Each structure stands twice: as structure tokens, then as C-alpha cells.
Amino acid sequence: MAGYICRTLLEGSQEGEQAQALTIKDSIASPFGLHVIDHVLCQLYASILAEKSQSRSTTTTTTTTTRNSRPMARSGESEMSRGIVVLAFSRSPSYYLGLLSELGNQEKMVRILDCYSDPLGWKRRLAESGVIRCGVEDSEVINVYRDVKNLDKLLNEVVELGKGLVGQGKDRFCVAIDSVSEMLRHASLSSVAGLLNSLRNHVQVSSTFWMVHSDLHDMRTISALEYASSIVASVESFTGIRNARNANPEAISLTEQSALKGRFHVRAKRRNGKVKFMLEKIEVKEAGIAFMPASSDGASAVSALLPKVQFNLQLSEKEQIDRSKVVLPFEHQEKTKAEQIYDGRQSLLQSKNDKGSIDKPIVAEVSGRGQILYVRDSDDEPADSDEDRDDDLDL
């Protein structure tokens, strides 16, 4: 499932569509959102590295008209990301440099917009006034942003960094935001939602993803972020883990063992409008976060995502057997033997006991074509006639 998310973000959207967007939600009970961000970021970065190395080897071994040419996406196909712009709000840019340096050189593929070191520009002012010796400076990969309240300017900075990576052509880039919760501390919900929608609508943004702490915001904020997403991933703890320590002392060991485990729910909207539900187990290890297939009990967790109803949607084994014994109307036509049809005045049992009755049950032999049988409701009913029964009325 994590692979499905990474492939979707890497492939991006088709021409004329909004960019793919992923919302990752966590809470204090399962604070694994940043681990998921790291995993998705590393997977995208490794895929872009592999794609670039493959295109280079293809260019050097084949004869082409232009040296730097590469296959372009056909009409209706999605164009893959060629670079990543990271907006660092909750962690230092040096953390992401160390994280991605283990996979390869990031100078030509990654740009980090530092919204963490000096978000309001206070350090620069202190440095200019001589209170501190030096402030935070820009580098080749890191650009310091000092006005997080101005999201319009922030959008322009992101676009400029992306264009510096992939150029002005049709190449596109991916945008990663490590914490929307930090953005909401300095800007309103409408401004943040406008920034996210502007990123999705930009022609050179292939995909974007962000993380939010769901228990720090109200339902209106979470709903707005989910509405701006094509994929919503929720990190949840196992049932009963939060209250296990208070339940009894014997549950302490179970709580400690399960502290780094949880469930990963994904709700993805497809291009045809259908919604795909997925579930996996996650476990945080020393090497990073690991995704594992959910066991059979995960089916109940997936069903919990569906709307609650007051009736059973499935039949039990006994109910299925009873339903198979019910003879539906006109089902006798599919049999090879004759069946007695109710004549509208008496039951079949009464007709068997009363041999002297006026009418006998009609016997319908099965034939290869259908027929209509008409039986009058009463013997007092007059025969069909073309005469006008209203002749005696003075109309």
C-alpha cells in the first residue's frame, strides 16, 4: 500500500488534472506521521535517482539527435517528477540533507525551503543589530524563508525553487510539506488551503504531500485538508493501547511492546470517481518505519471506515439455505413437470379435498413459450361483452 502511494505521487497527474495530493494524519496516540513523511520522501527520491541514472545510461548507449533529449510523455499520460522541493517547518534542513545523502547526491534534485531556522526573521534582525554574531545563511540546496505569515510569497518561492531544479519546460517537480500544523500557527485556514490548491493547480507541480496532527485541530480544519487531497492516510494506534496502562499493571509490558506499532488506513480517490480503501500494519524500527500486510482481523478495521447502518447487510448460512428454498413467482416455468396454479378462489389443498367443486385447478404444462392464464374472480361475473353498460343511464 505504501508502494501504491509512492507510485501515484511519482507518476503525478495527467494533463488538465490537478496534481496528486496526499494528507498524512497522526495523533499523540500514534505519532508516526513524520516517519511516514520520511519513508515517502526517500522512496520518491530513490525513484527519481533511478530514473535519471537510467535515462543517462540510455542516452550514452544509443544514438540520438540531441544529447540531452529524453522520451517525452505521450498525450494523456502523466509526466513523472524530476525533482523535489521540501518545505521544512518542524525539523531542521540538515536532518533532510542527512536523510537523503544516504541515497545519493541531492544538489541537482532537491531544494529545501527552510521555514524552521528563522520563520519570522528575528535572527536576522538580531544579527543586524549586533546582538548575535551571525544569522542563518542560504546555501546551494537550502534557502531560508523568513516570513511564514506571507503565504503568497511562500508560493512564489516554492515555484522558483522548483523551476530552478527542472527548468521552464514541461518537466515537473514534487512538493513536500513536513507539517501543515506548523503553518496553521502563523496563517489562517483559508490561506493555507489556498496555498495547497494553488500548488495542485500549478502546471509544473506533479504531486504534493503533507502531514497534519489531527488532534491539534478541529473537525472543520481536518475536513478542509482532506477535501484538498486525493489520498488520505491515517496513522492509528491499536484498540485499547492508550488505556492499557490504566487498566492493570500486567498490561504495561503489552503497552511498551505496542508503543511503536499501529495501523495505516488509506483512502484513495481514483480517476473514475471510485474510492479505494486499504489497510496495513506499521512498526517503527531502528532502520525506519516498516509496512506489513494486515491480518484477517484487519477486515473489521476496514469495515469501520464504512458508514454505520442499523441492519445486517449479509445473510447467515441458515438464512441463505432458507432463501434457496423459497419458490419465487413463475419459477415453475423453469421446471420440467406440471405445476398446479392457484385459480384465485380456492387453495390447492381445498381443491384436492373437494372433488365436486365447480372449478378444478388449472394444470399448466411447461412449454417452450410463455402464456397468460386468466381466471375470473367469481361465477357471478358476467361474460365479456361489447355492449355499453351505461345505456340505462340518462347521460
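Buried means under 20% relative accessible area, exposed over 50%, and partly exposed in between. The exercises below apply this scale and related criteria to a predicted model.

**Exercise 1. Classify Lys318 and its salt-bridge partner Asp322, and locate both residues.**

Solution. Step 1: Lys318 has a relative accessibility of 59%, so the residue counts as exposed. Step 2: Asp322 has a relative accessible area of 35% and is therefore partly exposed. Step 3: both residues belong to helix 12 (residues 317-325), where they are four residues apart, about one turn of the helix. Step 4: the closest N and O atoms of the pair are 3.0 Å apart, which satisfies the salt-bridge limit of 4 Å.

**Exercise 2. Determine where the salt bridge between Glu182 and Arg185 lies, and state how accessible each partner is.**

Solution. Step 1: the N to O distance between the two side chains is 3.0 Å. Step 2: helix 6 (residues 180-186) contains both Glu182 and Arg185, three residues apart, about one turn of the helix. Step 3: Glu182 is partly exposed at 24% relative accessibility, whereas Arg185, at 63%, is exposed.

**Exercise 3. Describe the salt bridge between Asp118 and Arg146, with the location and accessibility of each residue.**

Solution. Step 1: side chains of opposite charge can pair when their charged atoms come close. Step 2: in the pair formed by Asp118 and Arg146, the closest N and O atoms are 3.3 Å apart. Step 3: Asp118 occupies the loop between strand 3 (110-114) and helix 4 (122-129), while Arg146 occupies the loop between strand 4 (142-144) and helix 5 (151-166). The pair thus links distant parts of the chain, 28 residues apart. Step 4: Asp118 is buried, with a relative accessible area of 3%, and Arg146 is buried as well, at 16%. Step 5: a search of the whole structure finds six salt bridges. Lys25, Glu226 and Arg267 are linked in a network of such bridges.

**Exercise 4. Characterise the two aromatic pairs of the structure.**

Solution. Step 1: Tyr95 and Tyr96 have ring centres 5.4 Å apart and 80 degrees between the planes, an edge-to-face arrangement. Step 2: Tyr95 is partly exposed at 34% relative accessibility, but Tyr96 is buried at 1%. Step 3: the rings of Phe264 and Phe291 are 5.3 Å apart, centre to centre, with planes at 70 degrees; because planes over 60 degrees apart count as edge-to-face, this pair is also edge-to-face. Step 4: Phe264 lies in strand 8 (residues 261-269) and Phe291 in strand 10 (residues 288-293), so the pair ties together parts 27 residues apart in sequence. Step 5: both phenylalanines are buried.

**Exercise 5. Establish the surroundings of Ser81 and identify its polar partner Ser206.**

Solution. Step 1: Ser81 is part of strand 2 (residues 81-88). Step 2: with a relative accessibility of 3%, Ser81 counts as buried. Step 3: residues touching Ser81, beyond four places in sequence, include Leu9, Ile48, Phe173 and Ser206. Step 4: the side chains of Ser81 and Ser206 are joined by a polar contact of 2.3 Å.

**Exercise 6. Summarise the chain as a whole, beginning with its helices and strands.**

Solution. Step 1: the secondary structure comprises 13 helices and twelve strands. Step 2: 36% of the 395 residues count as buried. Step 3: among contacts with a separation of 6 or more, 72% involve residues 24 or more positions apart. Step 4: the accessible surface is about 24,900 Å², and 50% of that area belongs to carbon and sulfur atoms.

Definitions and conventions:
Residues are numbered from 1 along each chain as its sequence is written. Side-chain values use heavy atoms; hydrogens and water are left out. Helices (H or I, at least four residues) and strands (E, at least two) are DSSP runs, numbered from the N terminus. Buried means under 20% relative accessible area, exposed over 50%, partly exposed in between (1.4 Å probe, protein chains only). A polar contact is a pair of N or O atoms within 3.5 Å; within protein, one must be able to donate a hydrogen and the other to accept it, and residues adjacent in sequence count only if both atoms are side-chain atoms. Contact means heavy atoms within 4.5 Å. Rings of Phe, Tyr and Trp (its six-membered ring) pair if their centres lie within 6.5 Å; planes under 30 degrees apart count as stacked, over 60 as edge-to-face and the rest as tilted. Accessible areas come from the Shrake-Rupley method with a 1.4 Å probe; for residues, only the protein chains shown count as cover.
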